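Biologist: Got a minute to go through this one with me? I'd like to start with the empty spaces and then hop around.

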Amino acid sequence: MISFALALVALLIGYWLYGALVDQLFGPDEKQAMPCYEKQDGVDFVPMKTWRVYLIQFLNIAGTGPIFGAIMGIQFGPAAYLWIVLGCIFAGAVHDYLTGMISIRKGGASLPEIVGSELGKPMRVLMREFSIILLVLVGTVFVVTPADLLASMTDGWSWSSSLVWVLIIMSYYILATLLPISTLIGNAYPFFGGALLIMAVGVTVSIFIQPGWMPELTDGLGGWHPKHLPVFPMLCVTIACGAISGFHATQTPLMARCITHERHGRRIFYGAMITEGIVALIWAAAAIKFAGSYQALADMGTPAVVVNNICSGWLGTVGAILAVLGVVAAPITSGDTAFRSARLIIAEHLGMTQEKIRKRLIICLPLFVLSGLLMMLDFNVLWRYFAWCNQMVACIMLWAAAHWLRQHGKCHWIATLPAIFMTIVCTCYILLAPEGFDLLNRL
């Protein structure tokens, strides 16, 4: 319990201290022309209030990763607390902040354009392909996981099944991808955000009042995983969205096109990532305390089952509904903007304006067809490829941010150091993981 409480406090202190330092080193410009005004089109470039932009940014990036990833990650032991705190403060929040601010300076440019302008044309082409693959994978994963969870919640209803919920969620995604950002996303997200925050508060209170065992940092940082997986680099890929995630670099430019002043960047971009780190920390702690041991947590089943058990066991009927609604809302509000980001990246590459819905349909329909085909793959395989692609994107974006900072005479080390670390993580993972060279089993 002490380690969990200290980790929560550390995340808040990290926002106030290191977040302020990063913001100062970047240097928000009071006179910077904002893309939401310069390119206002009523569809994607739309001025929005700061609180609304923050909430949308938080929900965009907070998919199942900070919940499901944290539940899987805590099985590595108390090292999960350290990775969430240090990764979030010094890597993830910096990554999101720099992506958003550099996007503003480049007129609301998307991830491939940012990377290409800093690291060259070949990297621009690579990031276009990488980003679109990642976004379609994210959109697919974030259809399957909430559909399965909703199907389990409504088990016994005559019409309910995973397939029906997939069709319902996909219908919402199509609307959210095609309509102006202020129409559906801008109005639905405050409701979803409220559910997610109520869930976080309810689970946090339960952590402190429910009896049970929780790991402490004094227990040691390695050797706890039931399958004996090494902490490094597996933990750094398992918990991505709660610490650092390349998916965020595809989402942040969406809000760079809606933010009305650079001075709001720290609150929106850095702050949303810290909020997500808190969510990840809460679910990591809740999962292990509810289960009672690492093996018991592993034996409980999928993360969706763990979430359902925690909510129903700790929060009662009303609290469980609100909590699970928050867990369902998180992936849905990331899945819709994943497809939206893919549309914008393709449109930017083709030079195709997006004011007319016909042009949006031309791009979107193939994306949804591809997503439907990917749903036929085994989910575990889908998730592993998503996880590695995710961290590779984060790694490349950090190198691009480091180059931009150096070119503009700013302190590049705030991006260079996490870029070096993430390069090591991605390299080691592809060497050791079963979907890579699998050296753990071959040596």
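Biologist: Which residues line the second largest cavity?

Modeller: Ser-110, Leu-111, Thr-250, Pro-253, Leu-254, Arg-257, Ser-341, Leu-344 and Ile-345 line it. A cavity here is a set of points on a 1 Å grid over the protein atoms alone where a 1.4 Å probe fits but cannot get out, and lining residues have an atom within 4 Å of a point. Before we go on, this is a predicted model: local features need pLDDT of at least 70, side-chain atom pairs count only at pLDDT 80 or more, and totals for chains, interfaces and linings use all residues. Residues are numbered from 1 along each chain as its sequence is written, and side-chain values use heavy atoms, with hydrogens and water left out.

Biologist: Fine. How much space lies in that second largest cavity?

Modeller: About 40 Å³. The volume is the space filled by probe spheres set on the grid points, which are joined across faces, edges and corners. Searching the whole structure turns up two cavities of 30 Å³ or more.

Biologist: Which helices each supply at least two residues of that lining?

Modeller: Helix 11 (247-256) and helix 14 (303-350) do. Helices are DSSP runs of H or I with at least four residues, numbered from the N terminus. By class, the cavity lining has five nonpolar, three polar and one charged residue. For those classes, Ala, Val, Leu, Ile, Met, Phe, Trp, Tyr, Cys and Pro count as nonpolar, Asp, Glu, Lys and Arg as charged, and the others, Gly among them, as polar.

Biologist: And pockets? What volume does the second largest pocket have?

Modeller: About 280 Å³. A pocket is an open set of points with protein on both sides within 12 Å along at least five of seven lines. Sixteen residues, written as 16 in my notes, line the second largest pocket, and Phe-45, Arg-257, Leu-344, Glu-348 and Met-352 lie nearest its centre. Its lining splits into five nonpolar, four polar and seven charged residues.

Biologist: Arg-257 and Leu-344 again, then.

Modeller: Yes, both are in the cavity lining and in the pocket lining.

Biologist: Changing topic: where is the cis peptide bond?

Modeller: Between Phe-232 and Pro-233, with omega about 5°. Pro-233 is in helix 10 (residues 231-238).

Biologist: Is Phe-232 paired up with something? Which ring does Trp-213 pair with, for that matter?

Modeller: Let me take Trp-213 to start with. There are 13 aromatic pairs, counting rings of Phe, Tyr and Trp (its six-membered ring) whose centres lie within 6.5 Å. Trp-213 pairs with Tyr-294 edge-to-face, 5.6 Å centre to centre and 90° between the planes; planes under 30 degrees apart count as stacked, over 60 as edge-to-face and the rest as tilted. Trp-213 sits in the loop between helix 9 and helix 10 and Tyr-294 in helix 13 (residues 294-299), so the pair ties together parts 81 residues apart in sequence. As for Phe-232, its ring forms a tilted pair with Phe-421, 6.0 Å centre to centre and 55° between the planes. Phe-421 lies in helix 17 (residues 413-432) and Phe-232 in helix 10, so that pair links parts 189 residues apart in sequence.

Biologist: Is Tyr-294 buried or exposed?

Modeller: Buried, at 8% relative accessibility. The cut-offs are under 20% relative accessible area for buried, over 50% for exposed and partly exposed in between, with a 1.4 Å probe and protein chains only. Trp-213 is partly exposed at 36%.

Biologist: Any odd backbone? Which phi does His-228 have?

Modeller: A positive one, about 60°, although His-228 is not a glycine. His-228 is in the loop between helix 9 (185-209) and helix 10, and it is exposed at 70%.

Biologist: What does Gln-57 touch?

Modeller: Gln-251, Thr-252, Met-255, Ile-268, Phe-269 and Ala-272, leaving out residues up to four places away in sequence. Contact means heavy atoms within 4.5 Å. Gln-57 is in helix 3 (residues 50-61) and is buried, with a relative accessible area of 0%.

Biologist: Last one: how many residues of helix 4 are buried?

Modeller: Eight of the nine in helix 4 (residues 65-73), including Pro-66, Ile-67 and Phe-68.
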